[in-house]
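Visitor: I'm new to looking at protein models, so could you walk me through this one?
Guide: Sure, take a look first and then ask away.

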Amino acid sequence: MNSATSKKLEKFIKSDEFKIRANHYKRMIALGEKIYGRRKDLDLTQSELASNAGTTQRIISELENGTYAPKNGIGEELYDKLSYALEIDRDYLFSEKIDRQTFELFAYLGDKLNWNWDIMQFMKLPYFVDLKMVEDLGIQISNFSYIRWHYGPFDRKIYAYRELLEEKINNINYLYI
């Protein structure tokens, strides 16, 4: 690549337009992962989910692939229909604080503990899993940003997961864990 092209590319990457587009695509990919994962949890095809949500299979496919781009964005009504059809709280789809991988981690831990855990276990068990993963593989499973790695966990996102998982979630297929 010539230097003029490199400079234009560097300038574009630093631009607000690029940041806005990158954030949009990041959100759409995260939404697609959530829809796909939950659809698989319920053992539904795209067509079945579309029928249950009152939309088309094409829209479900585009949502799962992160390519759905209506002029006015995804409407509240579609979020509501999808959350109902996916049997999950609307915040699971809507919230940027919740990601599929961390959701699966909590579902896995909750299932192992028969959903009988207190708030301290709810906060600390993912921390211990992340601590071991970082130590062994250099990556963490959850989407938490821990304030103090060596003295204990805390991230405000924990409240979003706690609210989502107050009711026991059944039928989870673990795609990440």
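Visitor: Let's start with a pair: are D41 and R100 buried or exposed?
Guide: Keep in mind that this is a predicted model. A residue counts as buried when its relative accessible area is under 20%. By that cut-off, D41 and R100 both come out as buried.

Visitor: How far apart are the closest N and O atoms of D41 and R100?
Guide: These two side chains form a salt bridge, and a salt bridge needs the nitrogen within 4 Å of the carboxyl oxygen. The closest N and O atoms of D41 and R100 are apart by 2.8 Å.

Visitor: How many residues apart in sequence are the parts that D41 and R100 tie together?
Guide: D41 sits in helix 2, while R100 belongs to helix 7, which covers residues 100-112. Because the partners lie in those two helices, the pair links parts of the chain whose separation in sequence is 59 residues.

Visitor: Which residues are joined into one network by salt bridges that share partners?
Guide: D41 also forms a salt bridge with R38, with the closest N and O atoms 3.4 Å apart. R38 is buried, just like D41. Through shared partners, the network takes in R38, D41, R100 and E104.

Visitor: About how many helical turns separate R38 and D41?
Guide: Both residues are in helix 2, and they are three residues apart. That spacing means the separation is about one helical turn.

Visitor: What about R21 and E17: buried, partly exposed or exposed?
Guide: Their side chains meet in a salt bridge, 2.8 Å from N to O, and they lie four residues apart in helix 2. "Partly exposed" is the class between the 20% and 50% cut-offs. R21 has a relative accessibility of 44%, and E17 has 43%, so R21 is partly exposed and E17 is also partly exposed.

Visitor: How many salt bridges does the structure hold?
Guide: We've met some of them already, including R21 with E17 and D41 with R100. For the structure, the count is 12.

Visitor: At what angle do helix 1 and helix 2 pack?
Guide: Packed helices are described by the angle and the distance between their axes. For helix 1 (residues 3-14) and helix 2 (residues 16-41), the axes are 5 Å apart, and the angle is about 65°.

Visitor: How many charged residues are in the contact of helix 1 with helix 2?
Guide: Helix 1 brings F12, I13 and K14, and helix 2 brings D16, E17, F18, K19 and R21. Sorted by class, three are nonpolar and none is polar, while the charged ones number five.

Visitor: Why are the buried residues of helix 3 on the same side of the helix?
Guide: The residues in question are Q46, L49, A50 and A53. Their cover includes helix 2, helix 4 and helix 5. They share a side of helix 3 because they span an arc around the axis of only 100°.

Visitor: Which residue takes a positive phi just after helix 3?
Guide: Helix 3 runs over residues 46-53, so let's look just past its end. The phi there is about 70°, and the residue is G54.

Visitor: Zooming out, how many helices are there in the chain?
Guide: The chain has 177 residues, and 37% of them are buried. Along the sequence, the pattern reads α-α-α-α-α-α-α-α-α. There are zero strands, and the number of helices is nine.

How values were computed:
Residues are numbered from 1 along each chain as its sequence is written. This is a predicted model: local features need pLDDT of at least 70, side-chain atom pairs count only at pLDDT 80 or more; totals for chains, interfaces and linings use all residues. Side-chain values use heavy atoms; hydrogens and water are left out. Buried means under 20% relative accessible area, exposed over 50%, partly exposed in between (1.4 Å probe, protein chains only). Axes are lines fitted to C-alpha atoms, for helices over the stretch in contact, and angles run from 0 to 180 degrees between N-to-C directions. Contact means heavy atoms within 4.5 Å. Ala, Val, Leu, Ile, Met, Phe, Trp, Tyr, Cys and Pro count as nonpolar, Asp, Glu, Lys and Arg as charged, and the others, Gly among them, as polar. The arc is that of the directions from the helix axis to the C-beta atoms.
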